[in-house]
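Reader: Please take a close look at the salt bridges of this model. I should like to know which residues pair and how exposed the partners are.

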Amino acid sequence: MKFTNKRALVVGTGKSGVAAVNLLNHVGAQVTLLEGNTSLSSEEIMKRFPKEAEFDLIIGELPEQKMNSIDFVILSPGVPTDLPFVVKLQENNIPVWGEIELAYLCGKGKLFAITGTNGKTTTTALTGEIMKTYFKSVFVVGNIGLPYTEYAAEMKDESVTVAEVSSFQLETINKFHPQISAILNITPDHLNRHHTMECYVETKARIAKNQNKDEICVLNYEDEYLKKIAKDIPAKVFWFSSEHILEHGIWLDGEKIMYNDGSETIEICTIHDMKLLGKHNYENVMAAVAIAMHAGVPLDCIRKAVKEFNAVEHRIEYVKEVNGVKYYNDSKGTNPDAAIKAVEAMVRPTVVIGGGYDKDSSYDEWIASFGDKVKALVLLGQTRDKIAAAAKKAGFENVIMTDSLEEAVKVSSKQAVSGDAVLLSPACASWGMFKNFEERGKLFKEYVNSLE
């Protein structure tokens, strides 16, 4: 698609908005930038852009007359699609895309895209590392923190792009078309945005909507939502399983990861060959291997990358041992299901730090996963009373309320004894107390490193 002299509206001035403006400048579009946060000054916003960036800036509401002079709109992922002005644009038949749609239209080469409620970043990062062992031009982009639009102009026909894609980003795709896609799992999350599980599941499934019968969609055999939608996936489904032996797929057989594409059964590796902890991470590895095998990466390259791969920051990341207590940072555990997986990965009696922004989640299953492993629950943030009520209902008594993460770390260090673990896995988003989960995780590590 040619963008020369097309009139684009970019909504949002965060990282993805900045990257979208820069890409649109590169392809010759005329850009208007809209920032709805009126507390931001034009000077603050301009500092985010290179000096040569060209755009008209609007802070506040989009003027009515401006709607009639727009060819298409690029929404940043954090901007809901049901805002009145967005709905009005759509009613006027103005295309509304996300930044990954723009990047796809401008990029080149092969695209492998990964979504799911949990495990996206680890799987994307590992898939990227595997691809780098074989392909010369590899880009790892998307919800992983590197805007797809920031790198699209650099892509070549021989490039391989591995993209982590969120449900927010999938809301606004049109022609986005990966050759290989993967949906790792679907559990309740972001219901404050999607409102119903049906809508959330449908949005996740959009990752494969433009694929054809000769392409691949990798799905989790243990996920009931994915089993239900598999029949509607237009691509060939390739399953992975942590519980069942598959005739055709990739599965965990005891301590071995086995693979069969219909011709022969191959042992990929054992769980002892990798540095990642927990069954959920074995699932992440299986998904990454399935993508790589279908992409034509040699088995030796895959095995090497899997064995050398370290846990991604903020995902059950080992921080430090203090007085015999091991501290783990799982700040990316932003929903109950992710937090359950982190608890399951612990092999010591554990003090859990939880709480944060309320995404309309239920915490009953998280509390139920504690069993005899979790000895104390230290809470903070907007959801602390809601989680405490769930704990009380389940008969879990050792709940401690705190007012800050620093206090939570200090309290946890007093609750834990030598041989225990302290796990930050909040089961909630970070908003309200922190800019993002990365800031929360970095502060946790600072506080742990200051313990004596």
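Author: Both D214 and K213 are exposed. In this predicted model, the two residues form a salt bridge, with 3.8 Å between their closest N and O atoms. In general, side chains of opposite charge can pair when their charged atoms come close.

A second pair consists of K393 and D364, whose closest N and O atoms are 3.2 Å apart. Because K393 belongs to helix α16 (residues 384-394) and D364 to helix α15 (residues 364-368), this salt bridge ties together parts that are 29 residues apart in sequence. K393 has a relative accessible area of 65% and therefore counts as exposed, whereas D364, at 33%, is partly exposed.

The side chains of R7 and D71 also meet in a salt bridge, at 3.2 Å from N to O. This pair links distant parts of the chain, 64 residues apart: R7 is in strand β1 (residues 7-11), and D71 is in the loop between α3 (64-67) and β4 (72-75). R7 is partly exposed, with a relative accessible area of 35%; D71 is likewise partly exposed, at 27%.

Salt bridges also join residues into a network, which links E313, E317, K442 and K445. Over the whole structure, the search finds 18 salt bridges.

Key. Residues are numbered from 1 along each chain as its sequence is written. This is a predicted model: local features need pLDDT of at least 70, side-chain atom pairs count only at pLDDT 80 or more; totals for chains, interfaces and linings use all residues. Side-chain values use heavy atoms; hydrogens and water are left out. A salt bridge is a side-chain nitrogen of Lys or Arg within 4 Å of a carboxyl oxygen of Asp or Glu. Helices (H or I, at least four residues) and strands (E, at least two) are DSSP runs, numbered from the N terminus. Buried means under 20% relative accessible area, exposed over 50%, partly exposed in between (1.4 Å probe, protein chains only).
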